[in-house]
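Student: Got a minute to go through this model with me? I'd like to start with side-chain contacts and then look at the empty space.

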Amino acid sequence: MKYRQLGNSKLSISEISFGCMSLDYQDTNSEKLIHKAIDYGVTFFDTADLYDHGKNEATVGKALKNYRKDIVIGTKVGNQWRTDKSGWDWNPSKSYILKSVEESLRRLQTDYIDLYQLHGGTIDDPIDETIEAFEILKKQGKIRYYGISSIRPNVIKAYIKKSNISSVMMQYSLLDRRPEEECLDVLKKNNIGVLARGTLAKGLLAGKPITEYLNYSWPDIQKTIKTMQKISGEEKSMCQTAIHYVLTNKAISSAVIGIRTQKQLQECLIKYDQKELSEEHYELLQKSNIPWVYKNHR
C-alpha cells in the first residue's frame with residue numbers, strides 16, 4: 001500500500017481507504033473485513049453518524065478499538081434523524097455539531113476524531129457558524145482536523161476562503177469527471193486534500209451490468225468499459241484501473257471505496273500498486289468519454 005498526505009494536515013493515509021457505509025452492522029463478518037483491510041495496509045476508515053442511525057459508527061468503533069493509534073478515522077455530521085426515524089433533516093448549526101460529536105465519540109469508542117466532516121451543505125447555510133463549531137472542537141482536542149463532503153463548487157470555494165478545512169470529499173470517477181473542470185486544481189492549489197468517493201460508479205467500473213449513469217447512455221458507458229478492459233488485461237482488475245485513474249490526479253489524497261465483501265476487498269487491493277497507469281493509458285481512458293460539467297451551484 002502507498003500513502004499520501006491529506007492536504008494541509010499531518011495525516012498520512014492509504015491511497016485506498018475503506019468507505020464503511022455499506023457494512024452490515026448485524027453481520028459479524030464486518031469486523032473481520034475491517035481487520036483484513038488493515039492487513040492490506042488500509043489506514044483510513046470513513047463513516048458517518050447518519051449511517052444506520054449511528055450503528056455504523058458503533059461497528060467501526062468496535063472493530064478499530066485495538067488499532068486506534070495506527071489508523072485514521074473520519075466521520076460526518078449535519079444530517080439529523082427525526083425522532084420517529086422517518087427521515088432526516090439538514091442541520092449544520094453550531095449547537096447541533098457540538099452536541100453530535102459527543103455521540104460520535106461514544107459510538108466510535110475514542111476520545112478524538114481524526115477528520116470530522118460536514119456531510120453536505122449549501123451556500124445558504126450559516127457557514128461561519130459551522131466553521132466556528134469545528135474550530136471549537138479542534139481547540140478542545142475532540143477532533144484533529146475538519147473538512148466537508150460536497151460536490152458543489154460554490155460551497156467548496158466558500159470554505160476555501162473562510163475556513164481551515166483539510167479535505168473535501170467529492171464524487172469523482174472516470175464516469176463523473178466534473179471535478180476535473182475546476183475543483184481539483186483549486187483544491188490542489190490551496191493544499192486541501194481530496195477524498196474521492198464513487199470511484200467505481202456504483203460498480204459499473206468494477207464489472208456490474210451496464211446501465212445508464214448520470215448523463216451517460218448505455219453505448220457511452222460501454223465504450224468506456226471496453227477501453228478499461230483492454231487496458232486492464234490480465235494484470236489487474238477493472239476496479240484497480242478505475243482506482244488508478246482517480247489516483248493519477250495528484251489532488252487526490254485517497255480513493256474511498258465502499259467495500260462489503262472479501263471478494264471486493266481483494267479485487268481492489270491485491271497487487272493494486274504494482275503497476276500504475278502509463279501516460280498513454282491515462283489518455284486513452286480520458287478519450288473514452290466526453291466529460292460533463294457542473295451546471296448548478298456555480
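Student: Which side chain meets D114 in a salt bridge?

Tutor: That of R68, at 3.0 Å from N to O. Keep in mind that this is a predicted model.

Student: Where do D114 and R68 lie?

Tutor: D114 is in strand β8, residues 113-118. R68 is in the loop between α2 (55-64) and β5 (72-77). The two are 46 residues apart in sequence, so the salt bridge ties together separate parts of the chain.

Student: How many salt bridges are there in the whole structure?

Tutor: A full search finds 16.

Student: Now the strands. Which ones close into a barrel?

Tutor: Eight of them, in the order β3-β4-β5-β8-β9-β10-β11-β12. The pairing is parallel. From one strand to the next, the twist averages 30°.

Student: How many bridges join β11 to β12?

Tutor: Three. β11 covers residues 193-197 and β12 covers residues 252-258.

Student: And what is the bridge partner of V194 in β12?

Tutor: I252.

Student: Which strands does helix α9 lie across?

Tutor: β3 (16-19), β11 and β12. Helix α9 spans residues 238-248 and runs at about 155° to β12.

Student: Switching to pockets. How much space lies in the largest pocket?

Tutor: About 1,200 Å³. It has 39 lining residues. Closest to the centre are M21, R197, G198, K202 and G258.

Student: Which elements give two or more residues to that lining?

Tutor: β10 (167-171), α9, β12 and α10 (262-269). So α9 and β12 come up again here.

Student: What's the split by class for the largest pocket?

Tutor: The lining has 15 nonpolar, 16 polar and eight charged residues.

Student: What about the second largest pocket, how much space is in there?

Tutor: About 330 Å³. Its lining has 15 residues, and W81, Y96, S100, E103 and R107 lie nearest the centre.

Student: Which element gives the largest share of that lining?

Tutor: α3, with five residues. α3 covers 94-108, and β6 (79-81) also gives two or more.

Student: And the classes in the second largest pocket?

Tutor: Three nonpolar, six polar and six charged.

Student: Last topic, enclosed space. How many cavities of 30 Å³ or more does a search of the whole structure find?

Tutor: One. About 40 Å³ of space lies in it.

Student: Which residues line that cavity?

Tutor: P153, I156, K157, E182, C183 and V186. Two elements give two or more residues each: α5 (153-162) and α7 (183-189). The largest share, three residues, comes from α5.

Student: How does the cavity lining divide by class?

Tutor: Four nonpolar, no polar and two charged. The charged ones are K157 and E182.

Student: Why roll a probe over the atoms in the first place?

Tutor: A probe the size of a water molecule shows where empty space is left.

Note on methods. Residues are numbered from 1 along each chain as its sequence is written. This is a predicted model: local features need pLDDT of at least 70, side-chain atom pairs count only at pLDDT 80 or more; totals for chains, interfaces and linings use all residues. Side-chain values use heavy atoms; hydrogens and water are left out. On a 1 Å grid over the protein atoms alone, a cavity is a set of points where a 1.4 Å probe fits but cannot get out, and a pocket is an open set with protein on both sides within 12 Å along at least five of seven lines; lining residues have an atom within 4 Å of a point. Grid points are joined across faces, edges and corners, and a volume is the space filled by probe spheres set on the points. Helices (H or I, at least four residues) and strands (E, at least two) are DSSP runs, numbered from the N terminus. Two strands pair if DSSP finds at least two bridges between them. Axes are lines fitted to C-alpha atoms, for helices over the stretch in contact, and angles run from 0 to 180 degrees between N-to-C directions. Contact means heavy atoms within 4.5 Å. A salt bridge is a side-chain nitrogen of Lys or Arg within 4 Å of a carboxyl oxygen of Asp or Glu.
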